[in-house]
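This report describes selected features of one protein chain in plain terms. Please keep the sequence and the 3D view at hand while reading.

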Amino acid sequence: MEFMLSGAAACAACLFTNPLEVVKTRMQLQGELKTRGSYQVYYRNVFHAFYTIAKVDGLAGLQKGLAPGLVYQFLMNGVRLGSFAIIESSGHIHTEGRVSAVKTTLAGAVAGVVGAVMGSPVYLVKTHLQSQSTSSIAVGHQHKHQGMIHALAGIYRQHGILGLWRGSSAAIPRVSVGSAAQLSTFSSAKELVLDLQVFPKDSWFVALTAGMISSVVVVIAMTPFDVVSTRLYNQPVDHLGKGQLYKGFTDCFSRTLKKEGLMGLYKGLGASYFRIGPHTILSLFFWDELRKMYQRQQLR
């Protein structure tokens with residue numbers, strides 16, 4: 001039940017934040033491996049990107065990749081949050097009755113790695129679909145998928161089962177760092193809010209406030225890994241399934257840093273917060289509330 005509740009919470013958040021994921025993906029791919037000023041800027045900022053995509057690709061363009069996005073959220077966050085909930089309820093993240101920062105960080109990272117490996121194939125397809133656009137505003141390599149099933153079948157047909165896990169070398173550090181930052185700060189922030197007695201113990205404001213604090217830490221820690229992950233997943237591959245732009249995580253990280261500078265690793269930071277921030281707040285809020293509802297139901 002912990003896995004089901006966690007997956008449902010993440011899917012509910014995804015319905016609201018998927019357009020921001022599309023914007024974030026496009027901004028992270030814009031000017032890939034090019035120095036500042038040497039490429040055409042189609043998306044000046046988050047709001048301009050929203051307007052441009054809606055104008056050229058239509059409103060439906062802002063919900064590209066929604067199907068694999070929902071599947072990914074259910075798989076990845078169902079496993080990640082569900083695993084963490086079991087670890088938490090077993091008392092493994094506490095030391096002398098208090099939340100341990102080290103234990104929650106480690107538990108969050110382990111849960112994140114398991115979730116990342118499980119959800120990698122659909123994240124690959126989601127990235128491909130969200131980068132696809134009309135040629136006049138296209139950024140990054142353009143894949144020609146017609147949908148999630150078509151993409152999964154095509155990748156499997158061309159590159160076999162391992163082809164579906166291409167790019168997972170970036171997904172594992174991305175999700176483990178993000179998960180460790182998210183779950184450790186959420187648990188600590190929730191405990192702090194309860195200690196300060198700002199809100200009643202069962203108030204939904206407790207989870208909401210903790211989620212808002214957690215979201216800031218997550219975006220700062222995760223964005224460089226997110227940029228690398230997006231680029232590795234989206235890069236073109238040869239007939240053997242090897243990337244034509246990057247050899248792997250370290251190569252992508254170093255080449256992006258060398259060519260685009262530190263800000264290249266923080267491309268789309270605004271879009272990242274507008275997407276990851278609300279998603280973190282909503283998913284953690286829904287997760288906490290659904291768990292409380294389920295626990296109350298069990299006591300009846």
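A salt bridge is counted when a side-chain nitrogen of Lys or Arg lies within 4 Å of a carboxyl oxygen of Asp or Glu. In general terms, side chains of opposite charge can pair when their charged atoms come close. The model discussed here is a predicted one, and every value below is computed from it.

## Salt bridges

By the rule just given, the count comes to 13 salt bridges. Three of them are set out in the table.

| Positive residue | Negative residue | Closest N and O atoms |
|---|---|---|
| Arginine 174 | Aspartate 226 | 2.6 Å |
| Lysine 126 | Glutamate 21 | 2.6 Å |
| Arginine 26 | Aspartate 57 | 3.4 Å |

Arginine 174 forms a salt bridge with aspartate 226. Because arginine 174 belongs to helix α6 (residues 168-196) and aspartate 226 to helix α7, this pair ties together parts that are 52 residues apart in sequence. Both arginine 174 and aspartate 226 are buried.

Lysine 126 is the partner of glutamate 21 in another salt bridge. Here lysine 126 sits in helix α4 and glutamate 21 in helix α1 (residues 2-29), so that distant parts of the chain, 105 residues apart, are linked. Lysine 126 and glutamate 21 are both buried.

The salt bridge between arginine 26 and aspartate 57 has its closest N and O atoms 3.4 Å apart. It also links distant parts of the chain, with arginine 26 in helix α1 and aspartate 57 in helix α2 (residues 46-57), 31 residues apart. Why does arginine 26 count as buried? The term applies to residues under 20% relative accessible area, and arginine 26 counts as buried because its relative accessibility is 0%. Aspartate 57 also counts as buried, at 17% relative accessibility.

Some salt bridges share partners. Through such sharing, Glu21, Lys24, Lys126, Arg174, Asp226 and Arg275 are joined into one network.

## Surface patches

Which residues form a nonpolar patch on the surface? The patch consists of Val71, Leu75, Val110, Val114 and Met118, which together have about 370 Å² of accessible area. Helices α3 (66-89) and α4 (101-131) each supply at least two residues of this patch. The most is given by α4, with three residues. Valine 114 has its place in helix α4, and it is partly exposed, with a relative accessible area of 40%.

A positive patch is also present on the surface, formed by Lys247, Arg255, Lys258 and Lys259. Within it, arginine 255 lies in helix α8 (residues 249-260). The relative accessible area of arginine 255 is 34%, which means that this residue is partly exposed.

## Cysteines

A disulfide is a covalent bond between the sulfur atoms of two cysteines. How many disulfides are counted in the model? The count comes to zero. Cysteine 14 is in no disulfide: the nearest cysteine sulfur, that of cysteine 11, is 6.7 Å away, whereas a disulfide requires sulfur atoms within 2.5 Å. Cysteine 14 is buried, with a relative accessible area of 4%. Cysteine 252 is buried as well, with a relative accessible area of 0%.

## Residues in the loops

Most residues other than glycine have a negative phi. Leucine 33 has a positive phi, near 55 degrees, and is a residue other than glycine. The place of leucine 33 is in the loop between α1 and α2. Is leucine 33 buried or exposed? At 16% relative accessibility, leucine 33 counts as buried.

Glutamine 197, which is not a glycine, has a positive phi of about 55 degrees. This residue is found in the loop between α6 and α7. Glutamine 197 is exposed, with a relative accessible area of 66%.

Where is valine 237 found? It belongs to the loop between α7 (204-234) and α8. Valine 237 counts as partly exposed because its relative accessibility is 22%. The C-alpha atoms of valine 237 and histidine 159 are separated by 9.8 Å, while these two residues are 78 residues apart along the chain.

Technical notes
Residues numbered from 1 in each chain as written. Predicted model: local features only at pLDDT ≥ 70, side-chain atom pairs only at ≥ 80, totals over all residues. Heavy atoms only, no water. Patch = residues over 30% accessible without salt bridge, like charges linked within 9 Å, V, L, I, M, F, W, Y side chains within 5 Å. Areas by Shrake-Rupley, 256 points an atom, 1.4 Å probe, with all protein chains shown as cover. Lys, Arg positive; Asp, Glu negative; His and termini not counted. Charge placed at Lys NZ, Arg CZ, Asp CG, Glu CD. Helix = DSSP H or I, 4+ residues; strand = E, 2+ residues; numbered from the N terminus. Buried < 20%, exposed > 50% of the residue type's maximum accessible area, 1.4 Å probe, protein only.
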